[in-house]
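Student: I have a new structure open and don't know where to start. Can you walk me through it?

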Amino acid sequence: MHPLLRILAVWAVLLTHALPAQAVTLLRDADIEYALGEIARPILNAAGLPAGSVNVVVIKDSSLNAFVIDHRHIFIHSGLLLKLKSADELQAVLAHEAAHIANGHISRRFANMRMANTITGLGMALAATAAASGADARAAGALSLGLGSSANRMFMSHTRAEESAADSSALRYMVSAGADPKAMLGVLDIFRGQEMLNVSRQDPYARTHPLSRDRLRAVKALAQTAKTKPGGTANSTYWFARAQGKLSAFLRAPSWTLRRAGSSASADIALMRQAVAYHRQPDSAKAQAAIRKLIALRPNDPFVHDLHGQILLESRNARAAVAAYGRAAALAPTNALILGGQGRALLAVGNPAQARNVLEKARARDFSDARVLRDLATAYAQTGNTGMASVLTAERYALAGRFKDARIHAERAAGLLPRGSAPWLRSQDVLSAAEAQASKRKK
Ligand SMILES: [Zn+2]
């Protein structure tokens, strides 16, 4: 099956039922996603999940939650990520979610969902609309997931049996990953007492992962008897501080960040936080000074150059941004988010042909990044290929659940592209997805 169709068929349906109706904003940042990958890696290994098969993705939401809806993503709210006190606590959260994947809890849910679909009809859908403007969105590079209104929170909720199974698996993963299993207690402590609260006052995590006194007792007993190597590894501790530092620099007030940056875990993280905070004030001169010192400290760190490129592009210095992104891409030639930034900068300097080549590479690695789809459509339109521009626009709308708009652009694309060609087939995929959606609506 075409990857786009697969996304529409599975991810979309799952998301529809998994989340409350409001739009969800993903915070896509190459650095933060890499950091979370480093922290998750030993846990995923211990869970027996193939390397690189599960990505940790941040949702911009100040409430506390982490959840899984498929086998390829662990979602974590920015609120929870900022609230956790150590890499070990984050590993506890990730281990619990990885256990839901490894223990097959998702497949079971998916089976239930198909049944429910026939009863309630399918509301739609996954979306990945282009990043809005605004400080936060421009900051970490956001894209939105617009969700249908028939969301059913119940699909998210795990049973108590699943929760205790996930806890004991998670504690095993933590021990074998060298994380401190007692950190799990720190996490559960955040939500303690919430089972007594009215649902509207609970954190979403407490709703989706029912926490009972029994569960807490069981975790306590297991964590106490587990062999511990406290403190976690140096690698996950560093990346945790960096992810949290960068995320808070983008989400908190710059003054908050500047007061605390000096007490960061390391000099490079301090400079990164300062660069972001000054950029958001905005104080371009101070932001540039901080980023230059940061580059001097870590010249071969692709994400440092990625941040430099982002700051330059957002300060309307596109020419310098092209150079910075070029260095980032040379250091991380397969990173879809970095390639997306490089393509965006190339478009901004009026080089759509080169932008198109770079953005096609980004799309090949992440076909659901709405911002890349939008920029790539622009690049094709500017180089005179309206057929390709239309098919990309159709795909972007389809991913956003806007099937009426998707159909219009897919029909236009089908008329412009050579019949039977690969992009023409993509336009047909969107048309069949729109068709399927329309017939489900009628039921
Ligand atoms: Zn759970």
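Tutor: We can go through helices, rings, cores, loops and charges in turn. Keep in mind that this is a predicted model.

Student: OK, salt bridges then. How many does the structure hold?

Tutor: There are 19 salt bridges in the structure. One of them joins the side chains of R363 and E395, at 4.0 Å from N to O. R363 lies in helix α18 (residues 352–365) and E395 in helix α20, so the pair ties together parts 32 residues apart in sequence.

Student: Is E395 buried or exposed?

Tutor: E395 is buried, because its relative accessible area is 3% and buried means under 20%. R363 counts as buried too, at 15% relative accessibility.

Student: What else does the side chain of E395 meet in a salt bridge?

Tutor: The side chain of R426, at 2.8 Å from N to O. That pair links E395 in helix α20 with R426 in helix α22 (residues 422–442), 31 residues apart. R426 is buried, as E395 is.

Student: And where does R407 come in?

Tutor: R407 forms a salt bridge with E435, at 3.5 Å from N to O. Here helix α21 (residues 403–416) holds R407 and helix α22 holds E435, and the two residues are 28 apart. R407 is partly exposed, with a relative accessible area of 25%. E435 is partly exposed as well, at 44%.

Student: Which residues are linked in a network of salt bridges?

Tutor: D29, D31, R242, K246, D268, R298 and D301.

Student: Back to α20. Why call it largely enclosed?

Tutor: Because 13 of its 14 residues are buried, the rest of the structure largely encloses helix α20.

Student: What span should α20 have, and how far apart are its end C-alpha atoms?

Tutor: At 1.5 Å a residue, the 14 residues of helix α20 (residues 386–399) should span 20 Å, and the end C-alpha atoms are 20 Å apart, which agrees. After the helix comes G401, with a positive phi near 75°. Within α20's number range you will also find R396, whose charged end sits over the ring of Y397, 5.2 Å from its centre.

Student: Rings, good. How many aromatic pairs are there in the whole structure?

Tutor: A search finds five aromatic pairs. One is Y34 with W239, which is edge-to-face, with 5.0 Å between centres and 70° between the planes. Y34 lies in helix α2 (residues 30–46) and W239 in helix α11 (residues 234–251), so the pair ties together parts 205 residues apart in sequence.

Student: How exposed are those two?

Tutor: Y34 is partly exposed, with a relative accessible area of 36%. W239 is buried, at 7%. For another pair, take F67 and F75: their centres are 5.3 Å apart and their planes are at 20°, so the pair is stacked. Both F67 and F75 are buried.

Student: Which residues form the aromatic cluster?

Tutor: Y34, Y238, W239 and F303 form one aromatic cluster.

Student: New topic. Which members of the largest nonpolar core touch the most others?

Tutor: That core has 56 residues, and the ones touching the most other members are I76, L80, L84, L90, M174, M184 and F191. Helix α4 (residues 87–102) gives the most to this core, with nine residues.

Student: What does M184 touch?

Tutor: Leaving out residues up to four places away in sequence, M184 touches A92, D167, A170, L171, M174 and V219. There is also a second, separate core of 29 residues, including L346, A362, Y380 and A413.

Student: Anything odd in the backbone?

Tutor: Q281 and P282 are joined by a cis peptide bond, with omega about -5°. P282 is in the loop between α13 (267–280) and α14 (284–297). R316 has a positive phi of about 60°, although it is not a glycine.

Student: Where does R316 lie, and is it buried or exposed?

Tutor: R316 lies in the loop between α15 and α16 (318–331). R316 is exposed, with a relative accessible area of 79%.

Student: One residue in α15, to finish. What is H308 in contact with?

Tutor: Apart from neighbours within four places in sequence, H308 contacts Q288, I291, I295 and A324. H308 sits in helix α15 (residues 302–314) and is buried, with a relative accessible area of 10%.

Key
Residues numbered from 1 in each chain as written. Predicted model: local features only at pLDDT ≥ 70, side-chain atom pairs only at ≥ 80, totals over all residues. Heavy atoms only, no water. Helix = DSSP H or I, 4+ residues; strand = E, 2+ residues; numbered from the N terminus. Buried < 20%, exposed > 50% of the residue type's maximum accessible area, 1.4 Å probe, protein only. Contact = heavy atoms within 4.5 Å. Expected span 1.5 Å × (residues − 1). Phe/Tyr/Trp six-rings, centres within 6.5 Å; stacked < 30°, edge-to-face > 60°. Lys NZ or Arg CZ within 6 Å of the ring centre and 35° of its normal. Core = buried A, V, L, I, M, F, W, Y, C linked by side-chain atoms within 4.5 Å.
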